[in-house]
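Please follow one path through the structure shown below, from a charged side chain to a helix and then to the nonpolar core.

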Amino acid sequence: MTLKEIASYIDHTLLAPEAGKKQIAQLCLEAKKYGFASVCVNPCYVKIAATELADCDVKVCTVIGFPLGANSSKIKAAETKDAIKNGADEVDMVINIGAAKEGRFAAVTSDISAVVKVAVKEGEKLGKKIIVKVILETCLLTDAQIVNACLSAQKAGADFVKTSTGFATPKGIDGNLLPNGASEHHVNLMRKTVGSTMKIKASGGIRSAKMAIAMLEAGASRIGTSSGVSIIENWDEDYKVMLS
């Protein structure tokens with residue numbers, strides 16, 4: 001896989017709460033330089049990113065109900081509408097994780113549908129397709145819950161299922177923190193569940209070419225990472241490690 005090819009799979013991400021306008025502008029410059037698929041920014045920076053990227057093919061992605069997924073469906077829908085109005089091409093929404101944990105998947109489906117319906121309606125007004133990605137927060141779910149959450153996203157008409165926010169803090173029985181990002185196992189499971197009907201975004205903890213390619217080989221169609229520049233600039237070194 002070439003540098004250009006792997007760059008085209010990356011959502012160049014900056015969701016840190018302390019990020020400001022200058023960092024968002026820099027993020028957009030990097031996305032244009034390397035040819036990333038999109039920049040993924042918090043909703044308050046969508047308009048800035050859309051302005052910075054108006055002269056290129058890099059998409060503007062934002063997050064909805066982030067990072068907890070605990071907003072009401074009405075608020076998630078309103079947030080989606082506002083983001084699209086401000087220039088978002090793609091929205092990554094967090095599911096109602098508590099509902100998924102309790103097995104209330106009708107509620108999970110309804111929550112996702114609220115965002116999908118707004119994305120479709122607002123996209124039609126603009127004459128474009130708005131991509132909806134559904135963040136499951138896989139580190140907090142069992143395999144069975146992941147399968148059912150994927151089916152909910154599929155039923156609701158979303159375009160992608162996505163692994164993680166990168167902000168969750170799962171803990172083991174000893175109280176120590178557990179991994180909170182993407183895993184090959186979860187990406188494989190998601191791919192087997194949705195088949196070819198949806199795409200998969202792997203995100204959280206992906207910081208090397210080796211890991212990015214592993215996720216793509218497991219079935220991911222997009223990589224969410226704040227380490228996009230590092231992955232590209234250290235490609236040769238990482239690739240040699242992969243081949244050794």
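Contact here means heavy atoms within 4.5 Å, and the coordinates to which this applies are those of a predicted model. With that cut-off, and leaving aside neighbours within four places in sequence, Glu 137 is in contact with Pro 67, Ile 97, Lys 162, Thr 163, Ser 164, Thr 165, Gly 166, Ala 168 and Asn 180. Glu 137 sits in the loop that runs between β5 (131-135) and α7 (143-156). Although Glu 137 is buried, it has no salt bridge, and the nearest side chain of opposite charge, that of Lys 162, is 8.9 Å away.

Beyond this loop comes α7, whose 14 residues reach 20 Å from the first C-alpha to the last, close to the 20 Å expected at 1.5 Å a residue. Its buried residues are Gln 145, Ile 146, Ala 149, Cys 150, Ser 152, Ala 153 and Ala 156. Because these residues cover an arc of only 155 degrees around the axis, they lie on the same side of α7. An α-helix has 3.6 residues a turn, so residues three or four places apart point the same way. The partners against which the buried residues of α7 pack are α5 (97-101), α6 (105-126), β5, β6 (160-162) and α8 (184-194). Just after the helix, Gly 157 takes a positive phi of about 90 degrees.

Three of the buried residues just listed for α7 return around Ile 112, which touches Ser 152, Ala 153 and Ala 156, as well as Met 93, Ile 95, Val 134 and Ala 158, when residues up to four places away in sequence are not counted. Ile 112 is also, with Val 39, Ile 95, Val 134, Leu 136 and Val 161, among the residues that touch the most other members of the largest nonpolar core, which has 70 residues.

Methods: Residues numbered from 1 in each chain as written. Predicted model: local features only at pLDDT ≥ 70, side-chain atom pairs only at ≥ 80, totals over all residues. Heavy atoms only, no water. Core = buried A, V, L, I, M, F, W, Y, C linked by side-chain atoms within 4.5 Å. Buried < 20%, exposed > 50% of the residue type's maximum accessible area, 1.4 Å probe, protein only. Helix = DSSP H or I, 4+ residues; strand = E, 2+ residues; numbered from the N terminus. Lys, Arg positive; Asp, Glu negative; His and termini not counted. Salt bridge = Lys/Arg side-chain N within 4 Å of Asp/Glu carboxyl O. Expected span 1.5 Å × (residues − 1). Arc of directions from axis to C-beta.
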